[in-house]
Amino acid sequence: MNSTTADVVVIGAGIAGASAAAAVAQTRKVIVLEREAFPGMHSTGRSAALFSEIYGSGPIRALSRASREFLYSPPEGFADAPIVRPRGALHIASAVQMAKLDAFCALPDVAPAIRRLTAAEARVQCPVLREDYVAGAVVETGSADVDVDVLHQGWLRQLKARGGELVVNAEVVRLFRQGAGWRVETPDAQIDAKVVINAAGAWADVIAQLAGVRTVGLQPNRRTALIVSAPDGSNSDEWPMVIDIDEQFYFRPDAGALLLSPGDETPTEPCDAQPEEWDIATAIDRVQTATTLEIHRVRRSWAGLRSFVPDRSPVVGYAPDAPGFFWLAGQGGYGIQTAPAMGKLACALALGEPTPDDLVRFGVMTHDLRPDRFAER
Ligand SMILES: Cc1cc2nc3c(=O)[nH]c(=O)nc-3n(C[C@H](O)[C@H](O)[C@H](O)COP(=O)(O)OP(=O)(O)OC[C@H]3O[C@@H](n4cnc5c(N)ncnc54)[C@H](O)[C@@H]3O)c2cc1C
C-alpha cells in the first residue's frame, strides 16, 4: 500500500471539493480523493446550471452575490471560455399563486434584483406562456447560464498548477484519528493529513460515520431533468429561464433545445440517481399546462441529488466534536452558483483565518453555516 502525507486531504472532487482544494493549494500540500473515474460524475455534472442571486435561502443568496464577480470576471488564465452567459430568470405565478409572488418580491434582498412584469409583458419574453395561465411575473435580469464544466475544470487545473494532486478511482474506505491528524485510507493508499475536508456531496454524512464524527442530518433529494425539442421556427434561445414561483417546474433553452424539470425533491439514499418515468411525465404535464408547448418526445433525461440539511443552508466549518474534520456539505440546489464564495470561505476557515472581508460585505455570515448549529440534535 502506497503511504504518503499531506497538509489537507479533500474527499470528493465535485465543484465543492475542487473549489476549496484549489484555494487551499495556494499555501498547503493538498490531495483530493475522488471515488469515481472522473470528477463531476454526480451532482456537479447533472445540474441545471443556473446562476441567480435571488434563488434559495438568505445565506445562499448572500453566497451567490459574493460569487458573481468571480463567475463574470474570473482571474486571468482561469478559463479559456466565458463561465457565464447572461440569461434572465422569469418567475411566473398563476392567479392562485399571486400572494406568493408578492411575498417573494417584498424580500429586501430580492427587491433590488428584479423587475415586476404584467402577464402580457411576461409573454413578450416567453411567447409560449399561456394567456389563461400566467397572472403575473418578475424577471431577474442579472441571472445567467453557467458553463459548469469550464468552471469545474478551471479549479482542477488551478489545483494542479499550485502543486495539488487529484487522485481518481480512490474511494475513501477508512478514516480515523492518527496522532494530531487523520489517516485516510483508500483501497490502494493511506494518507496522513492534519486536516480532512469532507466535500463528498450526498455522501458527506456517510464520510462522517466512517470517521466516527456526529452527522449533520444530510438528506439527498432526487431531482429530474430532461431535454426536449424546441418548437420549430421559435427564437427559443433568446427566452429566459422560466421558473414556477413554487418551483413545481422550470424550463430553459439549452443549446437549441429545451431543458425541463418538474422541480421534484424525492428523498433518497446517496446513490447514482436515475430518472423515474413518473417525474418525466410530471415535468411534461406541468410545462404543457403553463405553455402552448407540445412535447412528443424526450431526447434525454437524467437525475441528480440535491442534498440539504433541515434549514437548507450549507454546512461549512470544523466539526465541533472532531479536531481537523472540516465540513463542506449541504449545498442543495445551489452548489454551482455559490462555489466561488464557498471555496474561498472554506479555505479561510480551514486555515484558521477569519471570514474574508469581501464575503462579509455581501452578507455572508459564517454563523449561519456553522456545523455546530446541529449540536443539540
Ligand atoms: C437536476 C439538478 C439541477 C441543479 N441545478 C442547479 C443550478 O441551477 N444551480 C446550482 O448552483 N446548483 C444546481 N444544482 C445543485 C448542484 O449540482 C450541487 O449543489 C453541486 O453540484 C454539489 O457539488 P458537490 O461537489 O458537493 O457534490 P458532487 O458533485 O456530488 O461531488 C461529490 C463527490 O464526492 C465523491 N465521493 C463520495 N464519497 C466518496 C468517497 N468515499 N471517497 C471519495 N470520493 C467520494 C463523489 O463521487 C462525488 O464526485 C442542481 C442539482 C441537480 C441534481
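Which domains does the domain assignment of the protein give? The assignment gives domain 1 (2-50 + 148-218 + 311-374) and domain 2 (89-141 + 219-308). The model shown in the views below is predicted.

**View 1. Two domains and their contact.** Between the C-alpha centres of domain 1 and domain 2 the distance is 31 Å. Contact between the domains involves 15 residues of domain 1 and 14 residues of domain 2. On the domain 1 side, the touching residues comprise six nonpolar, seven polar and two charged.

**View 2. The shell around the ligand.** The ligand has 41 residues around it. Gly12, Gly14, Gly201, Gly304 and Gly335 come nearest. By class, the shell holds 20 nonpolar, 14 polar and seven charged residues. Helix 1 (15-24), strand 13 (219-229) and strand 18 (298-308) are contributors, each with at least two residues. Why does the ligand lie between domain 1 and domain 2? Both domains give residues to the shell, so the ligand sits between them.

**View 3. The largest nonpolar core, with Val196.** This core has 121 residues. Val9, Ala20, Val196 and Ile197 touch the most other members. Domain 1 and domain 2 each supply at least three residues to the core. Which residues does Val196 contact, leaving aside neighbours within four places in sequence? Val9, Ile11, Leu175, Trp182 and Val184 are in contact with Val196, as are Gly324, Phe325 and Phe326.

**View 4. Strand 1 and its parallel partners.** Strand 1 (residues 2-11) runs parallel to strand 12 (residues 189-198), and nine bridges join the two. In this pairing, Val10 has Ile197 of strand 12 as its bridge partner. Strand 1 also runs parallel to strand 2 (residues 30-33), through four bridges. There, Ile11 is bridged to Leu33 of strand 2. Ile11 is also one of the contacts of Val196. Ile197, the partner of Val10, is among the core residues that touch the most other members.

**View 5. Strand 7, covered on both faces.** Is strand 7 (residues 136-140) largely enclosed or left open? Five of its five residues are buried, so strand 7 is largely enclosed by the rest of the structure. In a regular strand, side chains alternate between the two faces of the sheet. One side of strand 7 carries Gly136, Val138 and Glu140, and the other carries Ala137 and Val139. Every one of these residues is buried.

**View 6. The neighbours of strand 7.** Strand 5 (residues 89-93) and strand 7 run antiparallel, joined by five bridges. Ile92 has Ala137 of strand 7 as its bridge partner. Strand 6 (residues 114-118) also pairs with strand 7 in the antiparallel sense, over five bridges. Here Ile114 is matched with Glu140 of strand 7.

**View 7. An open sheet of three strands.** The strand order is 3-8-4, and the pairing is antiparallel. Strand 3 (50-51) and strand 4 (84-86) are the edges. Each has a single partner strand, so one side of each is left without a neighbour in the sheet. Three bridges connect strand 4 with strand 8 (residues 144-146). Within this pair, Arg85 has Asp145 of strand 8 as its bridge partner.

**View 8. Two loop residues with positive phi.** Ala255 is not a glycine, yet its phi is positive, about 45 degrees. Ala255 belongs to the loop between strand 15 (250-254) and strand 16 (257-261). It has 10 C-beta neighbours inside 10 Å and so counts as exposed. Arg312 is not a glycine either, and its phi is positive, about 60 degrees. Its place is the loop between strand 18 and strand 19 (315-318). With 16 C-beta neighbours inside 10 Å, Arg312 counts as partly exposed.

**View 9. Ala23 in helix 1.** Ala23 is part of helix 1. Is Ala23 buried or exposed? Ala23 is buried, since 25 other C-beta atoms lie within 10 Å. Leaving aside neighbours within four places in sequence, Ala23 contacts Gly343, Lys344 and Cys347. Arg299 is 276 residues from Ala23 along the chain, and their C-alpha atoms are separated by 38 Å.

Notes: Residues numbered from 1 in each chain as written. Predicted model: local features only at pLDDT ≥ 70, side-chain atom pairs only at ≥ 80, totals over all residues. Core = buried A, V, L, I, M, F, W, Y, C linked by C-beta atoms within 7 Å. Buried ≥ 20, exposed ≤ 12 C-beta atoms within 10 Å, placed from the backbone. Domains from an automatic or database assignment. Contact = placed C-beta atoms within 7 Å. Nonpolar A, V, L, I, M, F, W, Y, C, P; charged D, E, K, R; others polar. Near = placed C-beta within 6 Å. Pairing = 2+ DSSP bridges.
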